[in-house]
Amino acid sequence: MGEHDGRVALVTGGSQGIGEGIALALARQGSAVVVHGLTQDFADQTVGAIVAAGGRAIGVAGAISDPETSRAAVAAAVREYGRLDTLVTSAGIQRYGDVVSTPESVWDEVFDVNVKGVYLSAHFALPHLRVSPAGSVVIVSSAQATATQNQVAAYSSSKGALNALARAMAVDEAEFGIRVNSVSPGSVDTPMLRASAKLFGDGSDAGIERVLANWGTSHALGRIAQPAEIGEVVSFLTSTRASFVTGSEVRVDGGLLARIAAALPMPEEPK
Ligand SMILES: NC(=O)c1ccc[n+]([C@@H]2O[C@H](COP(=O)([O-])OP(=O)(O)OC[C@H]3O[C@@H](n4cnc5c(N)ncnc54)[C@H](O)[C@@H]3O)[C@@H](O)[C@H]2O)c1
């Protein structure tokens, strides 16, 4: 028996990276999963992994900023499984630049995917969650909603907006028994992070590993996370074990935001 037995979940961005880790975790606990991705082939790969492990899943594809994508994904859940209980939004993009170097088109692209995409998914999913006995939403935000690197003006702004949206939805949906939380990962080993590491390293495979290892040292735990570690937290937050958790910003960042960069000089080890 899994703690999500009988439930149906929609995971946007479930076709790879953190969303895939979440889709696999929810399926392991018995949820049927609608795996959304930008392209059908990647969504179907996650579906294949879930089905191979004995779970139930279908794949849907399309640009998340297009209302028809979210409408169709929710409709697919209801058509295939008759209900929708859980919404997890993980679809997102990262673009680099400060406010001067970021063109308006890139700013709009980041907000269309990262913020409007979440609004659209929730807009179509919430009417179904409102009639579920266990409606729950998790928005995948970022540590960069709270503290920011340089050159991520649009991205960090979009993630700050998501934390505010999660709070607003938590307040509005409470009367329907729906809990809404945001999860803020630190660095997670995904295609997105590896693409960034390629950009900021020498481009070689070894260079990517060096950059990832270096980014890992910014986290108190000394390493980056694996997608499954985010999946476990989302699985908990959407379970009845988290029945009094709503409106929370849950950090899953290995201590990234807990540490002040100015470390005290330590006395030399006794000889
Ligand atoms: N990887 C990290 O270190 C990290 C850290 C903090 C937060 N996040 C956030 O976690 C989420 C997932 O990131 P990831 O690292 O797994 O990224 P990823 O690039 O590996 O996967 C992104 C997912 O989003 C989907 N997607 C992207 N653009 C889309 C679009 N226009 N329409 C529909 N789907 C689209 C892709 O199909 C894919 O499934 C993002 O919201 C990201 O901002 C990632």
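**Ligand shell, domains and core in a predicted model**

Me: In this predicted model, which residues come nearest to the ligand?
Reply: The shell around the ligand holds 26 residues, and the elements giving two or more residues to that shell are H1 and helix H6 (191-200). Those that come nearest to the ligand are Gly-13, Gly-17, Gly-92, Thr-190 and Met-192.

Me: How many residues of the shell around the ligand are nonpolar, polar and charged?
Reply: Gly counts as polar in this division, a convention that matters for a shell in which Gly-13, Gly-17 and Gly-92 are among the residues that come nearest. On that basis the shell divides into 14 nonpolar, 12 polar and no charged residues.

Me: Where does the ligand shell lie with respect to domain 1 and domain 2?
Reply: The protein is divided into domain 1 (8-186 + 226-245) and domain 2 (187-224). Because both domains give residues to the shell around the ligand, the shell lies between domain 1 and domain 2.

Me: How far apart are the C-alpha centres of domain 1 and domain 2, and how many residues does the contact take from each?
Reply: The C-alpha centres of the two domains lie 23 Å apart. As for the contact, it takes 9 residues from domain 1 and 8 residues from domain 2.

Me: Which helices each supply at least two residues of the side of domain 1 that touches domain 2?
Reply: The residues on this side of domain 1 divide into 4 nonpolar, 5 polar and no charged. The helices that each supply at least two of them are H1 and helix H8 (227-237).

Me: What distance separates the end C-alpha atoms of helix H1?
Reply: Helix H1 covers residues 17-28, and at 1.5 Å a residue its 12 residues should span 16 Å. The distance found between its end C-alpha atoms agrees with that expectation, being 17 Å.

Me: How many of the 12 residues of H1 are buried?
Reply: A residue counts as buried when 20 or more other C-beta atoms lie within 10 Å of its own, and the residues of H1 that are buried include Gly-17, Glu-20 and Leu-26. H1 is therefore largely enclosed by the rest of the structure, the number of its buried residues being 11.

Me: Is Ser-15 buried or exposed?
Reply: Ser-15 is placed in the loop between strand S1 (8-12) and H1, where it touches residues including Glu-20, Val-35, Phe-42 and Thr-46. Because Ser-15 has 27 C-beta neighbours inside 10 Å, it counts as buried.

Me: Which residue other than glycine takes a positive phi near 65°?
Reply: Most residues other than glycine have a negative phi. The residue in question lies in the loop between strand S5 (136-140) and helix H5 (153-173), and with 14 C-beta neighbours inside 10 Å it counts as partly exposed. That residue is Gln-151.

Me: Which residues touch the most other members of the largest nonpolar core?
Reply: This core has 67 residues, and its largest share, 10 residues, comes from helix H4 (residues 104-129). The core also draws at least three residues from each of domain 1 and domain 2. Those touching the most other members are Leu-10 and Val-33.

Me: Which residues does Leu-10 touch, not counting residues up to four places away in sequence?
Reply: Leu-10 is one of the two residues just named for touching the most other members of the core. With residues up to four places away in sequence left out, Leu-10 touches Val-34, His-36, Ala-73, Val-74, Ala-77, Leu-84, Leu-87 and Ala-125.

How values were computed
Residues numbered from 1 in each chain as written. Predicted model: local features only at pLDDT ≥ 70, side-chain atom pairs only at ≥ 80, totals over all residues. Core = buried A, V, L, I, M, F, W, Y, C linked by C-beta atoms within 7 Å. Helix = DSSP H or I, 4+ residues; strand = E, 2+ residues; numbered from the N terminus. Domains from an automatic or database assignment. Contact = placed C-beta atoms within 7 Å. Expected span 1.5 Å × (residues − 1). Near = placed C-beta within 6 Å.
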